[in-house]
Amino acid sequence: MIDFGFTVSPSSRLDLDKMDRTSFNALAKIEPDVLKCMACGSCTASCTAAQFEPTSLRQAILLLQRAQVEQALNLLKGCMLCGKCTMVCPRGINTRHLIISIQKIYGK
Amino acid sequence: MKNNILVIGGGPAGLEASANLKRMGYNVILIEKESKLGGHLAKWDRLFPDGVSARKTLEALTDEIRGVNCFTETQVQSLNILDKSYNAILSNGITVLADAVLLSSGFDLFKAEKKEEYGYGIYEGVITNADLEKAFREKKMPLNEPRAIGFVHCVGSRDEKAGNPACSKVCCATAVKQACEIKEVYPNADVYCFYMDLRMFGRHYEDLYLKAQKEFGIRFIRGRVSEVAEMADGRLQVKAEDTLSSKPIRVTLDMLVLMAGMRPSEAGRSVGRQINLTTEDDGFFSSEDNLLAIQKSKLPGFFYAGACTGPKTLPDTLHEARSAALEIDRYIKENTREK
Ligand SMILES: Cc1cc2nc3c(=O)[nH]c(=O)nc-3n(C[C@H](O)[C@H](O)[C@H](O)COP(=O)(O)OP(=O)(O)OC[C@H]3O[C@@H](n4cnc5c(N)ncnc54)[C@H](O)[C@@H]3O)c2cc1C
Ligand code: SF4
């Protein structure tokens, strides 16, 4: 590559055409309730880990839908599987189980 | 008891009110400017929230109007307030002396071509909610194995630049309903709804939303579509912000359905102007009281029912039609000599 002395920042735009949804579809197959999330944020609000490091199941679900796997998994690293979010989810998603399923499908 | 009641507009509101007034023994004259009765209901296919047939619903309403003097393709040419009655000259030459008038002129669909950035009337793939209902009704679906289809909420609603800051109430439920229906026709297509807020307020509406997510896999993207452009192959490039992930988003679609909102009926407003009926800032008629007396205008003997006083669902409209009939009955008994 020729060095032109400058770099171009990568686009932050999400292109839905190019998004590979294979893994998300596999997740939805074993954990159909993931489709019920309406992004209310109750899980993140009740999360103890979120007080210490960026942790958000709400955002992780969205990022997985957008095939941003690494960022999504980073947002679940702090999770200690305490299950408080399961108690607050108004759509009755078993969020604790969902997090385990996410690890099953996406975990390395 | 043979007092004349003039009902202007033969949509769901006018039909339901006429049937009730007739049953109460009044002489009802119902006029409709189009060649067929039914108003917008005559254009829809299946209704939210339960998917019942619009055709059957309309039949049930028209079955009840036996004995009502019904004139289609008829408008009000002039309307005057007399001492305790209204004198209307109709476009068919008939003059009606009415003891009370019910205005049920409904709404006009927002003209989607006004939102030029969405390309309605310019790009073939861009249609409205009403166009899609027509396609469902006639069973003539416009696409062949589409890959992706999008719905844009709030077109001409909640948009000061489009001249309407208000919510049109029915289009969220319509979008979610149509998204499920389109997925039934094209199960392999990705279906997106671009929304700002989802207003699924009524009984069973939230169930419809949940079904759209879980059973149909409809993808809801919170963000308003900013622009649409046609590509060389005729497909559409759509841009928006995915506000939940704070990133710009783009997607290529085969069809984009615009949820055009509800605007006051122009034909209704021209009747209003003849007797100086007042409207609110949104252009819909002003009621005597927005809580206690939506069906009453500020003029004695002049009443409203349905979407002429703002966006309404079908059940809202029908309830108002029935209560307007009761109000008219009470007004006649208290104010006019029975004939
Ligand atoms: C895309 C869309 C889908 C919808 N789907 C549903 C649904 O699934 N379920 C639901 O509950 N609701 C639905 N609605 C709402 C429903 O259409 C309205 O609630 C209903 O049509 C209102 O009835 P109306 O009689 O007040 O007005 P309209 O249906 O607008 O009827 C008014 C009638 O008056 C006539 N008129 C007007 N002015 C004059 C005049 N001066 N002289 C003579 N005639 C005149 C018009 O030609 C028209 O026939 C939908 C709305 C939209 C926009
Ligand atoms: S009902 Fe929904 S789509 Fe229609 S104007 Fe209101 S928020 Fe927008």
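**Surface, core and salt bridges of a predicted model**

At 61% relative accessibility, Phe4(A) counts as exposed (exposed means over 50% relative accessible area, buried under 20% and partly exposed in between, with a 1.4 Å probe and protein chains only). This is a predicted model, in which local features need pLDDT of at least 70 and side-chain atom pairs count only at pLDDT 80 or more, while totals for chains, interfaces and linings use all residues. Residues are numbered from 1 along each chain as its sequence is written, chains are lettered from A in the order in which they are written, and side-chain values use heavy atoms, without hydrogens and water.

In the interior, the largest nonpolar core (buried Ala, Val, Leu, Ile, Met, Phe, Trp, Tyr and Cys residues joined through side-chain atoms within 4.5 Å) has 65 residues. Phe151(B) and Ile182(B) have the most contacts inside this core.

Salt bridges (a side-chain nitrogen of Lys or Arg within 4 Å of a carboxyl oxygen of Asp or Glu) number 30 over all chains. One of them pairs the side chains of Arg91(A) and Glu206(B) at 2.7 Å, N to O. Because Arg91(A) belongs to chain A and Glu206(B) to chain B, the pair joins two chains. Arg91(A) is buried, at 11% relative accessible area, whereas Glu206(B) is partly exposed, at 34%.

Within chain B, the side chains of Asp159(B) and Lys115(B) also meet in a salt bridge, again 2.7 Å from N to O. Both Asp159(B) and Lys115(B) are buried. Asp197(B) and Arg199(B) form another bridge, with their closest N and O atoms 3.8 Å apart. Finally, a network of salt bridges links Asp45(B), Arg46(B), Glu133(B), Lys177(B), Glu181(B) and Glu184(B).

Terms used
Helices (H or I, at least four residues) and strands (E, at least two) are DSSP runs, numbered from the N terminus.
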